[in-house]
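Here are some short exercises to work through with the structure open beside you. Try each task before reading its solution.

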Amino acid sequence: MPVTDWFIIKSLTIPSSWVAVLLAILLTGIIVWRKFGKETEDWFSDAAILFLLVWKFSVVITDFEMIIDSPLSILYFNGGSIGVFLGLSIALSKLLWQFMRGIWQESELVAMLFSMVMLQSLYQIIMVLLNEAAPWQKIVTVVLFVLLATLTWLKINSSTTWQFQLIVLLLLTHIFVALIQPQGMLQTPLFVTGMFVVCGLLAYALTNKQHEFTEE
């Protein structure tokens, strides 16, 4: 969903996408806490904070000359799409490293997949509420992501087959929604979903490898 609305707070102009990201992270954290407990929510919060910090301060990399000329501009800008991908890459790499080290059990894989689906679903729904688009585009987007979030809530603990299917369903749902949205397939949120899916599948593979090693 394209950004059409902006929020002005004193001298700071904030795009609706920033608001959607922050609200989606906050709401997902609350939902993860309610479903899996505080200990699981702690690692989600750590990953979210790491992402936000890298995203925010990556402006030093993307606009180094501007920061040199005006150091205080770091307070008003972020790294944009590059910062998003950089922040996600670091946060997701940390999660995968924890799986690789065997720090987490299978239950944490379930929580991670759950949080990815919820995070993207909530972001899409909030973006629909905050921005303008054709009514049918907004309705289709909300309905599909609400259904996906509901199905994930109900089935994420059912079996590993369902967990695998849900993460793939996230990708398929987002691809379909992207096709009917103005920006099409070339939009940052869809690439984010792609990163979520790759991370989820890698974590899934690492968890199975740990099980095979333990059985041997």
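**Exercise 1.** Find which residues isoleucine 25 touches, leaving out those up to four places away in sequence.

*Solution.* In this predicted model, isoleucine 25 touches Phe44, Ala48, Phe51, Leu52 and Leu119. Next, look at the core: the largest nonpolar core has 49 residues, and Ile25 and Phe51 are among those with the most contacts inside it. Elements giving two or more residues to this core include α1 (16–36), α2 and α6 (106–130). The largest share, 15 residues, comes from α6.

**Exercise 2.** Classify the ring pair formed by tryptophan 18 and tryptophan 55.

*Solution.* Start with the numbers: the centres of tryptophan 18 and tryptophan 55 are 5.9 Å apart, with 75° between the planes. Planes over 60 degrees apart count as edge-to-face, so this pair is edge-to-face. Now place the rings: tryptophan 18 is in helix α1 and tryptophan 55 in helix α2, 37 residues apart. Tryptophan 55 counts as buried, at 11% relative accessibility.

**Exercise 3.** Do the same kind of analysis for phenylalanine 114 and tryptophan 153.

*Solution.* The ring centres are 5.9 Å apart and the planes lie at 55°, so the pair is tilted. Phenylalanine 114 belongs to helix α6 and tryptophan 153 to helix α7. Phenylalanine 114 is buried at 0% relative accessibility, while tryptophan 153 is partly exposed at 38%. Finally, check the face of tryptophan 153: lysine 35 lies over it, 4.2 Å from the ring centre.

Note on methods. Residues numbered from 1 in each chain as written. Predicted model: local features only at pLDDT ≥ 70, side-chain atom pairs only at ≥ 80, totals over all residues. Heavy atoms only, no water. Core = buried A, V, L, I, M, F, W, Y, C linked by side-chain atoms within 4.5 Å. Buried < 20%, exposed > 50% of the residue type's maximum accessible area, 1.4 Å probe, protein only. Helix = DSSP H or I, 4+ residues; strand = E, 2+ residues; numbered from the N terminus. Contact = heavy atoms within 4.5 Å. Phe/Tyr/Trp six-rings, centres within 6.5 Å; stacked < 30°, edge-to-face > 60°. Lys NZ or Arg CZ within 6 Å of the ring centre and 35° of its normal.
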